[in-house]
Amino acid sequence: MTAARMKLVLASSNAGKLVELRDLLGDARIELHAQSEFGVEDAEETGLTFVENALLKARHAARATGLPALGDDSGLCVDALDGAPGLYSARYAGGHGDSAANIAKLLAALRDVPEAARTARFVCVLAVLRHAEDPQPLIAEGVWEGRILDAPRGRGGFGYDPVFFDPARAMGAAELDAALKHRISHRGIALARLRDALLAAIRRS
Ligand SMILES: O=c1nc[nH]c2c1ncn2[C@H]1C[C@H](O)[C@@H](COP(=O)(O)OP(=O)(O)OP(=O)(O)O)O1
Ligand SMILES: [Mg+2]
C-alpha cells in the first residue's frame with residue numbers, strides 16, 4: 001500500500017531554510033510548502049528560547065492554514081559575546097534578515113578576539129505541530145560547533161555561513177557542498193532526530 005502524501009507547512013520566510021529542509025526531508029511522502037504559498041505572514045518571535053519561538057512559528061502557521069506545520073528557530077551563539085547574537089541572530093544588526101549587515105556587525109564585535117577564543121555554535125530547534133492545538137509537539141534540537149572566521153569565505157549556504165568555520169573539516173560552512181552541510185549541520189542533526197517520529201505521526205494521521 002502506498003502511503004498518502006502529506007502536506008507540511010514550513011512556518012518560515014527564510015528561503016535558505018526551505019531549500020535545506022526540503023532537501024533534508026527528501027521524502028516522497030512529505031510535501032513541504034512555504035507558508036507564503038498560503039499567504040501566511042511571519043509570526044512574532046516573542047519567545048525567550050529557540051524552543052518557544054519554534055513552537056510559536058509552527059502554531060501560527062498551523063492555525064492560519066489548518067495544516068500540520070514545521071517551525072525552525074535557529075541562530076549563532078558566540079562564546080566571546082556571551083552567547084549573542086543567539087536568539088536574536090536574524091535581527092542582530094537591526095533590520096530583519098540582512099545577512100551582510102549581521103556579518104559586518106559580528107566581525108566588528110570580534111575584531112580583537114584571537115582565533116582560539118572565537119568559538120561558536122549554530123543551534124537549530126525544529127518543532128512540528130499536527131494542528132494548532134496539538135498538545136504533543138515533536139521537538140528536536142541540533143548543534144554544530146565551530147568558530148568565527150575573521151573574514152567571509154565561500155559562496156554556499158545562507159545567513160552566517162560565510163563566517164562560520166568547521167574545525168573538524170577545516171572548511172568554512174559556505175565552502176561545504178550542500179550534502180555535507182546537511183550531514184553535519186545543526187539543522188541536519190535536528191531533522192535526523194525528528195524524522196522517525198514525523199513519519200510515524202504521518203502514518204497515524
Ligand atoms: O544554517 C545556517 N547557516 C547560516 N546562518 C544560519 C543558519 N541557520 C540559522 N542561521 C541564522 C540565520 C538567521 O540570522 C538566524 C535564524 O533566525 P530565525 O528567526 O530562526 O530565522 P529567520 O528570521 O531567518 O526566518 P523565520 O523566522 O521566518 O524562520 O540564524
Ligand atoms: Mg525569524
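With which residue does Arg147 form a salt bridge? In this predicted model, the partner of Arg147 is Glu115, and the closest N and O atoms of the two residues are 3.2 Å apart. The pair links distant parts of the chain, since Arg147 belongs to strand E5 (residues 138-148) whereas Glu115 lies in the loop between H3 and E4, 32 residues apart. Arg147 is partly exposed, with a relative accessible area of 22%, while Glu115, at 53%, is exposed.

The structure holds 17 salt bridges, and another of them also links distant parts of the chain, joining Arg121 in strand E4 (residues 119-129) to Asp79 in the loop between E3 and helix H3 (99-109), 42 residues apart. In this pair the closest N and O atoms are 3.0 Å apart, and Asp79 is partly exposed, with a relative accessible area of 37%. A further salt bridge is formed between the side chains of Arg169 and Asp166, with an N to O distance of 2.8 Å. Arg169 counts as partly exposed at 37% relative accessibility, whereas Asp166 has a relative accessible area of 2% and is therefore classed as buried. In addition, salt bridges that share partners join Lys17, Glu20, Asp72, Asp161, Lys181 and Arg187 into one network.

Two members of this network, Lys17 and Glu20, are also found among the buried residues of helix H1 (residues 15-25), which are Gly16, Lys17, Leu18, Glu20, Leu21, Leu24 and Leu25. An α-helix has 3.6 residues a turn, so residues three or four places apart point the same way. At the start of H1, a side-chain oxygen of Asn14 comes to within 2.8 Å of the backbone nitrogen of Gly16. The helix is followed by Gly26, for which the phi angle is positive, near 40°.

Lys17 is also one of the residues touched by Asp73, the position at which UniProt, in an unreviewed entry, places the feature "active site". Asp73 lies in strand E3 (residues 69-78) and has a relative accessible area of 3%, so this residue is buried. When residues up to four places away in sequence are not counted, Asp73 touches Lys17, Glu45, Thr49, Phe50, Asn53, Ala54, Lys57, Leu87, Val123, Cys124 and Val125. With one of these residues, Lys57, the side chain of Asp73 makes a polar contact through the side chain of the lysine, at a distance of 2.8 Å.

Note on methods
Residues are numbered from 1 along each chain as its sequence is written. Chains are lettered from A and ligands numbered from 1 in the order in which they are written. This is a predicted model: local features need pLDDT of at least 70, side-chain atom pairs count only at pLDDT 80 or more; totals for chains, interfaces and linings use all residues. Side-chain values use heavy atoms; hydrogens and water are left out. Buried means under 20% relative accessible area, exposed over 50%, partly exposed in between (1.4 Å probe, protein chains only). Helices (H or I, at least four residues) and strands (E, at least two) are DSSP runs, numbered from the N terminus. A polar contact is a pair of N or O atoms within 3.5 Å; within protein, one must be able to donate a hydrogen and the other to accept it, and residues adjacent in sequence count only if both atoms are side-chain atoms. UniProt positions are given in the numbering used here, feature names are shortened, and annotations may be inferred rather than shown by experiment. Contact means heavy atoms within 4.5 Å. A salt bridge is a side-chain nitrogen of Lys or Arg within 4 Å of a carboxyl oxygen of Asp or Glu.
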